[in-house]
Number of protein chains: 2
Amino acid sequence: MKIIIDVMSGDNAPAALLQGAVEAAAAYPDTDIAVVGNEEVIRRTADELHLDPACVEIIQSVSVIGMEDNPVSVIREKSDSSMVIGLRMLAQGEGDAFVSAGNTGALLSGGTLITHRIRGIQRAAIATVLPLQKPVLLIDSGANLQTTPEQLVQFAYMGAQYAKYLMGIENPSVGMLNNGTEPTKGQEFQVAAYPMLEACDFHFVGNVEAKEVPFGACDVLVTDGYTGNILLKYTEGMGRFMLGTLKGLFRRNLLTKLSAMLMRKNLYAVKDRFDVSEYGGAPLLGLSKPVIKAHGSSDAKAIRNAVRQAIRFAEADLNGIIARFASGTAADKPAGA
Amino acid sequence: MKIIIDVMSGDNAPAALLQGAVEAAAAYPDTDIAVVGNEEVIRRTADELHLDPACVEIIQSVSVIGMEDNPVSVIREKSDSSMVIGLRMLAQGEGDAFVSAGNTGALLSGGTLITHRIRGIQRAAIATVLPLQKPVLLIDSGANLQTTPEQLVQFAYMGAQYAKYLMGIENPSVGMLNNGTEPTKGQEFQVAAYPMLEACDFHFVGNVEAKEVPFGACDVLVTDGYTGNILLKYTEGMGRFMLGTLKGLFRRNLLTKLSAMLMRKNLYAVKDRFDVSEYGGAPLLGLSKPVIKAHGSSDAKAIRNAVRQAIRFAEADLNGIIARFASGTAADKPAGA
């Protein structure tokens with residue numbers, strides 16, 4: 001098993017990425033870790049952080065894809081970038097999974113262009129875990145602005161398999177995000193998708209209203225990438241808003257500061273609850289090879305967890321399961337897909 | 001000035017509605033309050049609550065529109081309902097504004113069919129205040145599943161005027177909810193609407209990502225009714241989730257319970273912060289007459305505030321301002337509208 005890590009992309013690159021890579025190499029001794037980046041920069045960073053670069057394989061890259069680069073064009077323009085080189089290695093079988101904290105759009109189009117989609121899967125989708133009362137897997141959380149009913153069903157299936165095999169949820173419940181619970185609610189593609197989702201062999205619980213999402217209405221929440229992206233970013237914003245309100249609450253006066261001291265541990269517990277780094281990264285589902293998008297602001301811990309996730313993604317052969325479904329040979333082929 | 005209140009609709013009807021109507025009559029002595037409902041039920045409820053029905057005018061109605069009734073057909077089918085009778089009075093000038101806590105869809109189609117839209121306004125929209133770091137007016141929060149660029153610009157204009165004249169925000173900032181900040185982000189109707197919004201004379205701050213919404217990125221957040229409804233309901237859900245997390249935090253052990261006691265007042269402050277009843281109800285903007293949709297679970301206080309809001313809506317002649325804009329005679333007519 002070999003995991004490829006793009007250590008040049010992300011807000012905290014290369015330090016946090018390299019740190020995470022080295023920690024992962026120590027945590028998973030049976031797994032080879034290859035880091036793609038500028039060797040000189042990597043060695044200098046390793047020295048500064050007192051890390052032993054010997055525990056990872058260094059793959060030389062020249063340029064770096066930035067957050068502002070055009071996702072589609074940059075893949076061809078920056079063929080010597082850490083992201084493209086890593087994806088090419090993955091496509092050529094020189095690794096089992098790829099982790100990057102870089103430009104999501106570029107990773108998505110690069111993954112599609114270089115590793116290709118699973119045959120029969122119309123669109124790759126991003127699945128992100130929302131840290132709510134219980135974890136909710138949101139798919140698509142931003143890959144596709146528009147979605148057809150068939151694509152939505154494929155997203156739901158891929159999400160259900162990911163929840164089952166990588167999140168360890170037995171018979172995960174799948175809900176469609178909608179503005180009402182009746183089957184006739186929502187936009188045309190949702191009304192068309194509803195009976196198709198009902199025909200699937202996973203546990204479809206129907207339409208789910210946003211107000212029920214925080215309280216475990218479903219394990220997998222399927223939606224188009226536009227709405228999913230709004231929900232994902234609002235979850236992030238509301239989480240920050242909640243913690244900020246909580247902090248303000250305890251800073252009001254001496255009494256509140258005293259009670260903050262009395263319950264320090266519990267406050268940390270709440271903070272950890274909304275710590276997305278626990279979940280590693282967001283898998284790009286539908287690509288022929290496992291690709292994990294780590295959060296742009298990932299620290300070493302998040303990268304270490306993203307590597308753990310990448311290992312389990314490859315070990316579970318999730319793509320094999322999705323491929324059998326997509327090729328229609330799977331018993332659980334949903335109607336219309 | 002006369003305000004018409006549908007006291008038969010809503011989760012807490014008729015008690016909370018009647019209570020709120022009577023409180024409003026006392027709070028606004030210069031305003032006549034007419035309550036529409038079954039007179040016998042109203043008089044019995046008044047007795048039970050020890051209220052003096054003499055301070056309000058009672059308009060007899062027979063049926064009630066339920067939450068599950070089909071919004072479009074029920075308006076014709078239940079012409080003797082409290083909602084339809086109230087709307088007819090409003091249309092005929094037998095009142096200056098109408099308040100109902102009933103079926104939103106029915107109120108919307110009823111308002112459109114009976115009071116009609118302002119000439120030139122293509123669609124009525126629901127504007128709702130989100131209780132975040134500072135109040136954010138969300139428009140459209142659920143009236144229209146799909147939206148054209150022209151309609152979105154009209155929503156933005158109506159929202160800006162409401163924020164200025166009824167929320168007292170000098171030169172309110174208007175943002176378009178989107179999945180990125182660049183003008184090219186989002187769906188086709190958003191890309192097309194962007195330059196039109198820029199050409200408007202209100203303070204357009206561009207696209208706003210959902211993660212910035214809680215932190216005062218704009219005073220008015222314009223979006224299509226589908227996305228708006230998701231955001232509105234998720235705000236409600238996340239608010240409840242936050243208060244629940246807070247409660248759980250303070251119930252953990254003796255120490256946390258002690259600190260809860262130490263800061264009881266401050267905890268109530270947080271709870272009040274998310275109390276939507278403070279804001280009264282959601283105005284239906286674009287109708288020829290002021291219609292306020294009170295929350296289905298409104299208590300007497302919420303109804304009292306909705307009446308205050310209805311009075312100010314009528315006094316400010318907001319519809320006159322919107323009508324001048326829509327007819328194109330207004331100086332601040334936006335490009336393309």
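Which residues of β7(A) are buried on one side, and which on the other? In this predicted model, A:Ser173, A:Gly175 and A:Leu177 line one face of the strand, while A:Val174 and A:Met176 line the other, and both faces are covered. A general point helps in reading this pattern: side chains in a regular strand alternate between the two faces of the sheet. Buried here stands for under 20% relative accessible area. With 5 of the 5 residues of β7(A), residues 173-177, meeting that criterion, the strand is largely enclosed by the rest of the structure.

The neighbours of β7(A) within the sheet can be traced next. Strand β8 of chain A, residues 203-208, runs parallel to β7(A) and is joined to it by 5 bridges. One of the residues involved is A:Leu177, whose bridge partner in β8(A) is A:Val208. Between these two strands the chain passes through helix α7 of chain A, residues 188-198, in a β-α-β crossover that is right-handed. Strand β9 of chain A, residues 220-222, also runs parallel to β7(A), with 3 bridges between them. Here A:Gly175 sits opposite A:Leu221 of β9(A).

The wider arrangement is conveniently described in chain B. Its open sheet has 11 strands in the order β3-β2-β1-β4-β11-β10-β5-β6-β9-β7-β8, and the pairing is mixed. The edges are formed by β3 (57-60) and β8 (203-209) of chain B; each has a single partner strand, so one side of each is left without a neighbour in the sheet. From one strand to the next, the twist averages 25°. An antiparallel pair within this sheet is found at β5(B), residues 125-130, and β6(B), residues 136-139, which are joined by 4 bridges. In this pair, B:Ala127 has B:Ile139 of β6(B) as its bridge partner. Helix α4 of chain B, residues 82-91, lies across β1 (2-6), β2 (32-37), β3, β4 (97-100) and β11 (291-294) of chain B. The helix runs at about 165° to β4(B).

Finally, the two chains can be compared as whole copies. A turn of 180° with a shift of 0.0 Å along the axis lays chain A on chain B with an RMSD of 0.0 Å. The two copies are thus related as by a two-fold rotation axis. Within chain A, the C-alpha nearest this axis belongs to A:Ser259, at 2.2 Å from it. The contact between the copies can be read alongside this relation: 100% of the interface residues of chain A are also interface residues in chain B, so the copies meet through the same surface.

Technical notes
Residues are numbered from 1 along each chain as its sequence is written. Chains are lettered from A and ligands numbered from 1 in the order in which they are written. This is a predicted model: local features need pLDDT of at least 70, side-chain atom pairs count only at pLDDT 80 or more; totals for chains, interfaces and linings use all residues. Side-chain values use heavy atoms; hydrogens and water are left out. Buried means under 20% relative accessible area, exposed over 50%, partly exposed in between (1.4 Å probe, protein chains only). Two strands pair if DSSP finds at least two bridges between them. A crossover is right-handed if, with the strands pointing away from the viewer, the path from the first strand over the helix to the second runs clockwise. Axes are lines fitted to C-alpha atoms, for helices over the stretch in contact, and angles run from 0 to 180 degrees between N-to-C directions. Contact means heavy atoms within 4.5 Å. Copies are superposed by least squares on the C-alpha atoms of residues with pLDDT of at least 70 in both.
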